[in-house]
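Trainee: I would like to learn how to read one part of a model slowly and carefully. Please choose one packed pair of helices and take me through it, and then show me how the same kind of reading applies to a few other places.

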Amino acid sequence: VGIDVSEWQGGEIDWQQVKNAGVEFVMIRVGYRGFETGLLNEDTHAQSNYKGAKAAGLQVGAYFFSQAISQVEAKEEAEFALEILDGFRLDLPLVYDWEYVSDMARTANVTKDELMRYTKVFCDAVEAAGHQPMIYFNRYLAQSHLELTELTQYPFWLAMYSDQMTYPHRVDFWQYSDSGRVPGIEADVDLNIWMPRNEV
């Protein structure tokens with residue numbers, strides 16, 4: 001059982017309470033690209049969230065919210081995330097979180113072929129740096145912008161808000177709620193289940 005957090009949850013998380021409530025892992029947003037400006041930003045609570053979660057004994061992974069519109073930008077995002085994580089030890093993957101925002105966003109006209117290239121560029125850079133890459137998506141994005149059969153070398157993180165898993169593809173993380181409540185966090189928080197693959 002895990003959560004993912006960003007500056008939207010505020011900076012006063014009581015990580016020991018979170019751990020005592022049964023949370024075992026956390027995915028921390030390290031940064032994002034603005035969907036209007038295209039500027040790169042570090043999440044204002046990335047550092048404190050990492051230190052607090054680690055001190056409480058949680059397993060920690062990270063994610064970057066992408067709005068890349070070129071392979072150059074995807075590589076830039078990976079390098080930006082890796083720079084923020086310099087000196088951090090991740091237990092879980094560094095995730096590529098590219099999302100369709102709206103028809104007004106700078107990414108509105110990105111095609112499936114383009115996003116596939118961006119995804120591979122980001123993941124290759126993460127892997128080259130010694131981290132496990134992972135891909136985040138919802139059902140719409142998987143159907144419209146990703147060819148999952150060409151990305152099976154990476155673990156998947158699915159956002160599907162439901163009390164039952166009905167997705168037909170194998171996923172490793174399932175974000176099943178975006179309105180969870182966890183002791184130690186005042187705001188709503190995303191809830192996740194990690195389903196590790198059994199090694200044969």
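Mentor: What follows begins with the pair of helices and then turns to some single residues and one further helix.

This is a predicted model, in which local features need pLDDT of at least 70 and side-chain atom pairs count only at pLDDT 80 or more, while totals for chains, interfaces and linings use all residues. Residues are numbered from 1 along each chain as its sequence is written, and side-chain values use heavy atoms, with hydrogens and water left out.

Two packed helices are described by the angle between their axes and the distance between the axes. Here the pair is helix α3, residues 71-84, and helix α4, residues 112-128, whose axes come within 8 Å and cross at roughly 30°. That angle makes α3 roughly parallel to α4, a term used for angles under 35 degrees, whereas angles over 145 are roughly antiparallel, 65 to 115 roughly perpendicular and the rest oblique. The axes are lines fitted to C-alpha atoms, for helices over the stretch in contact, and the angles run from 0 to 180 degrees between N-to-C directions. The helices themselves are DSSP runs (H or I, at least four residues), as are the strands (E, at least two), and both are numbered from the N terminus. The crossing of α3 past α4 is right-handed, meaning that the near helix is turned clockwise from the far one by less than a right angle, while an anticlockwise turn would be left-handed.

At the level of residues, α3 contributes Q71, A74, K75, E77, A78 and L82, which meet R117, Y118, V121, F122, A125 and V126 of α4, where contact means heavy atoms within 4.5 Å. The residues of this contact divide into 8 nonpolar, 1 polar and 3 charged; Ala, Val, Leu, Ile, Met, Phe, Trp, Tyr, Cys and Pro count as nonpolar, Asp, Glu, Lys and Arg as charged, and the others, Gly among them, as polar.

Let us stay with E77, which has its place in helix α3. E77 is buried because its relative accessible area is 0%, and buried means under 20%, exposed over 50% and partly exposed in between, for a 1.4 Å probe and protein chains only. Leaving aside neighbours within four places in sequence, E77 is in contact with R33, L40, F64, S66, Q67, A68, Y96 and F122.

The loop between α3 and β5 (94-98) holds D91, which counts as partly exposed because its relative accessibility is 30%. Its side chain makes a polar contact with the side chain of K54 at 2.8 Å; such a contact is a pair of N or O atoms within 3.5 Å, of which, within protein, one must be able to donate a hydrogen and the other to accept it, and residues adjacent in sequence count only if both atoms are side-chain atoms.

Helix α2, residues 46-55, has A46, N49, Y50, G52 and A53 as its buried residues, and the elements covering them include β1 (2-5), α1 (15-20), β2 (25-33) and β4 (59-66). After α2 comes G57, with a positive phi near 90°.

Finally, I193 has its place in strand β9, residues 189-194, and is partly exposed, with a relative accessible area of 29%. Not counting residues up to four places away in sequence, I193 touches F25, D172, F173, W174 and Y176.
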